[in-house]
Amino acid sequence: MRGGAERWPERAEWLQERLYANYRDERSGILAQWHPAEAAVPGENFYYWWQAHVIDVWMDGYERSQDRKYLDRIHSLAQNLHRINGDTFLHNYYDDMEWLALALLRVYDATGDALYRERVSTLWTDIRTAWNSHMGGGMAWKKDQLDYKNTPANAPAAILAARLHRRFGDPEDLAWARRIYAWNREHLVDPQTGFVWDGINRLGDGQIDKDWTFTYCQGVMIGAGLELYTCTEEARYLAEARQTATAARARYVHPQTGMLPDEGIDDTGLFKGILVRYVTRMLQTEEASEWRQILLRNGETLWSSGLDPETGIVGPSWEKRPAGPVQLSVQLSGIMLLEALACITTHHEKDTSQG
């Protein structure tokens with residue numbers, strides 16, 4: 001199949017099926033955190049937020065193909081994740097709940113199933129308790145460390161609030177989106193370059209972690225700016241998204257190869273996939289030819305050199321095949337890239353044919 005796939009939608013579909021075949025865990029009903037599953041370490045952390053991104057990539061697959069198998073898989077995974085998490089979607093980490101709410105909102109949009117709207121509403125009500133006066137406002141990262149504020153807890157919350165406003169029209173949600181975004185922009189974005197820092201007061205010293213530089217912090221602030229621009233048509237939000245996208249390109253794209261970096265395993269394995277997701281959102285808003293070429297370069301390299309042609313396993317480097325077990329987080333980033341290319345190349349072809 002891999003050798004005959006000439007178009008990005010076919011490649012994305014093939015890799016989606018390899019994800020399901022390789023990571024499906026019949027016992028738990030969710031996806032395993034490793035392939036092969038035997039590589040898991042007994043007692044290792046349960047990464048709830050990875051499962052939220054499984055739902056997100058399955059929504060990518062559904063939107064691309066309109067194949068209801070993706071909705072069936074999502075429904076099963078959501079039920080089992082709810083059970084495994086103690087018969088609730090609420091969680092200690094606010095950012096984890098934000099990722100799940102964003103994914104489930106997409107499911108509601110596709111299905112109109114009131115259960116998913118109810119789940120998103122329950123999550124959003126709890127997420128709003130993250131806002132407090134420490135560090136001048138902002139959303140806390142987790143419930144047992146309310147004075148630590150970071151981009152991962154704030155920018156996705158702004159995206160969620162803006163999308164909720166667009167769907168349901170509540171002006172309070174737009175006010176939340178503006179307020180959260182403004183705090184993040186004021187406290188954790190370099191005003192000269194638009195580069196996004198990770199967090200502030202992690203150690204209780206009021207300091208910004210400027211040496212923690214992650215691709216996904218750039219991605220979610222790009223996404224938040226774009227969502228607010230869509231809601232308000234205020235040009236400054238689009239300009240700020242462009243500024244951060246330019247800063248991310250300068251920092252993370254290799255000047256010779258055009259490749260995004262190997263960010264390792266565990267949570268960081270998901271980071272560049274999240275950057276790709278929101279850069280793709282930007283490409284749907286406007287022409288950004290530099291980023292379009294970067295994604296194409298990364299996709300072609302991943303397809304030719306960065307995955308196992310038999311198993312479809314993708315490593316943390318998109319330039320070389322994985323040599324050992326691979327975590328779900330890392331695999332998801334590879335699928336995000338191929339689904340992004342399926343989206344933007346199809347969109348580009350439609351624009352060209354209509355022009």
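Reader: Which residue in S3 stands opposite Ala140?

Author: You're looking at a predicted model: local features need pLDDT of at least 70, side-chain atom pairs count only at pLDDT 80 or more, and totals for chains, interfaces and linings use all residues. Numbering starts from 1 along each chain as its sequence is written, and side-chain values use heavy atoms, with hydrogens and water left out. Strand S2 (residues 140–142) pairs with strand S3 (residues 145–150) in the antiparallel sense over two bridges (strands are DSSP runs of E, at least two residues, and helices are runs of H or I, at least four, numbered from the N terminus; two strands pair if DSSP finds at least two bridges between them). Across from Ala140, in S3, is Lys149.

Reader: How many residues sit between S2 and S3 in their hairpin?

Author: The two strands pair in the antiparallel sense. Together they form a hairpin, and the number of residues between them is two.

Reader: Which residue in S4 is the bridge partner of Asn150?

Author: S3 also runs antiparallel to strand S4 (residues 199–200), joined by two bridges. For Asn150, the bridge partner in S4 is Gly199.

Reader: Which strands stand at the edges of the sheet?

Author: The sheet is open, with three strands in the order S2-S3-S4 and antiparallel pairing. Each edge strand has a single partner, so one side of it has no neighbour in the sheet; these strands are S2 and S4.

Reader: At about what angle does helix H6 run to S3?

Author: Helix H6 covers residues 151–168 and lies across S2 and S3. Angles here run from 0 to 180 degrees between N-to-C directions, with axes fitted to C-alpha atoms, for helices over the stretch in contact. For H6 against S3, that comes to about 70°.

Reader: Why do H10 and H11 count as oblique?

Author: Two packed helices are described by the angle between their axes and the distance between the axes. The axes of helix H10 (residues 271–285) and helix H11 (residues 289–306) come within 10 Å and cross at roughly 135°. Angles under 35 degrees count as roughly parallel, over 145 as roughly antiparallel, 65 to 115 as roughly perpendicular and the rest as oblique. That crossing angle therefore makes H10, relative to H11, oblique.

Reader: Which residues of H11 meet H10?

Author: On the H10 side, the residues involved are Leu275, Val276, Val279, Thr280, Met282 and Leu283 (contact means heavy atoms within 4.5 Å). On the H11 side they meet Trp291, Arg292 and Leu295.

Reader: Is Glu339 buried or exposed?

Author: Glu339 is in helix H12 (residues 328–354), where it touches residues including Ala12, Val57 and Arg64. Its relative accessible area is 5%, and the cut-offs are under 20% for buried, over 50% for exposed and in between for partly exposed (1.4 Å probe, protein chains only). Glu339 therefore counts as buried.

Reader: Which residue's side chain makes a polar contact with the side chain of Glu339?

Author: A polar contact is a pair of N or O atoms within 3.5 Å; within protein, one must be able to donate a hydrogen and the other to accept it, and residues adjacent in sequence count only if both atoms are side-chain atoms. For Glu339 the separation is 2.8 Å, and the partner is Arg64.

Reader: Is Pro171 buried or exposed?

Author: Pro171 lies in helix H7 (residues 171–188). With 60% relative accessibility, it counts as exposed.

Notes:
Lists of a residue's contacts leave out its neighbours within four places in sequence.
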